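Here are my notes for you, written as I'd jot them for a colleague. Keep the viewer open and follow along point by point.

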Amino acid sequence: MSRAADGVFDAALGGPLSALAYRNGRATPDGPVQADPARAAAARFDDVLEARGVAIRGVPRSSDVPFAGQLATARSAPIRTLIAALLPASDDWIAEMLTKFLGHGTTADGAAAVKAAARALGADVTLVDGSGLDPARPRTAAGLVAVLRRMSRTPSFRAALARPGRPGTLEDRLTSGRARTACRGKTGTLPSGGVSGLAGYCTTRTGRRLAFAVLARGVPVAAARRAQDRVARALAAAR
């Protein structure tokens with residue numbers, strides 16, 4: 001199923017959500033995203049098989065069929081690897097698919113699982129999906145910081161966050177001064193709703209690791225980002 005708003009597919013996700021998808025719903029490695037990701041994945045599978053000498057009759061199609069038993073298995077990359085791909089780029093598609101995985105196939109159950117995990121970390125959050133910010137459901141910076149403080153004990157999580165000047169959502173932010181090497185973070189942006197956030201960690205001059213979160217609503221995104229960056233720079237320069 002594709003996440004949609006008012007019946008229109010949300011292109012910000014980077015591809016339609018589906019239990020079966022290739023490259024975010026494409027039929028070829030660099031081709032356009034398709035409306036039917038399962039059929040696109042089948043078309044790609046058809047191409048790969050024929051390239052290896054397996055003749056396929058008919059054309060790929062998608063439909064509901066009764067379960068006919070397991071044909072093959074494929075192991076996913078470890079969750080740690082997926083998180084490392086998700087965080088620097090703020091990849092909404094991966095976030096949504098992981099949420100469905102946590103919910104055994106549904107976004108609602110996955111969001112409930114994430115909410116329960118956040119509560120265990122000391123934060124009370126409300127989720128409607130697995131990615132982004134929702135202007136109708138405000139978060140608190142304190143709630144995010146509570147999660148970050150607990151997650152700071154996980155080196156792999158800290159290492160996966162976006163770095164200033166590196167590929168990702170902080171590539172062109174905080175690229176000078178101590179913040180460039182002292183801060184890492186995760187962004188969240190909804191330009192149409194005037195919602196912007198930056199949360200993460202900065203290490204002070206004396207070596208203290210500080211968790212921070214700066215959320216803005218009803219402010220132009222460019223102005224919000226400047227304010228967020230000023231906070232990060234101040235933390236990096238602190239003693």
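The points below cover a salt bridge, a helix and its neighbours, and a pair of helices.

1. Before anything else, remember that this is a predicted model. Keep that in mind as you click through the residues.

2. How many salt bridges does the structure hold? Just one. Its partners are D229 and R173, and their closest N and O atoms sit 2.8 Å apart. The pair ties together distant parts of the chain, 56 residues apart: D229 belongs to helix α8 (residues 221–237), while R173 lies in the loop between α6 (155–160) and α7 (179–182).

3. Are D229 and R173 buried or exposed? Both D229 and R173 are buried. Try showing the surface and then hiding it again to look for them.

4. Now go to helix α5, which covers residues 141–151. Its buried residues are G143, A146 and L148. What do they pack against? Their neighbours are α6 plus two strands, β4 (195–203) and β5 (209–217).

5. Next, the helix pair. The axes of α2 (residues 79–89) and α3 (residues 92–102) come within 10 Å and cross at roughly 150°. Angles over 145 degrees count as roughly antiparallel, and therefore α2 and α3 are roughly antiparallel to each other.

6. Which residues make that contact? From α2 you have I79, L82, I83, A85 and L86, and they meet I94, A95, L98 and F101 of α3. Sorted by type, the residues of this contact are nine nonpolar, no polar and no charged.

Note on methods. Residues numbered from 1 in each chain as written. Predicted model: local features only at pLDDT ≥ 70, side-chain atom pairs only at ≥ 80, totals over all residues. Heavy atoms only, no water. Salt bridge = Lys/Arg side-chain N within 4 Å of Asp/Glu carboxyl O. Helix = DSSP H or I, 4+ residues; strand = E, 2+ residues; numbered from the N terminus. Buried < 20%, exposed > 50% of the residue type's maximum accessible area, 1.4 Å probe, protein only. Contact = heavy atoms within 4.5 Å. Axes fitted to C-alpha atoms, helices over the stretch in contact; angles between N-to-C directions. Parallel < 35°, antiparallel > 145°, perpendicular 65-115°, else oblique. Nonpolar A, V, L, I, M, F, W, Y, C, P; charged D, E, K, R; others polar.
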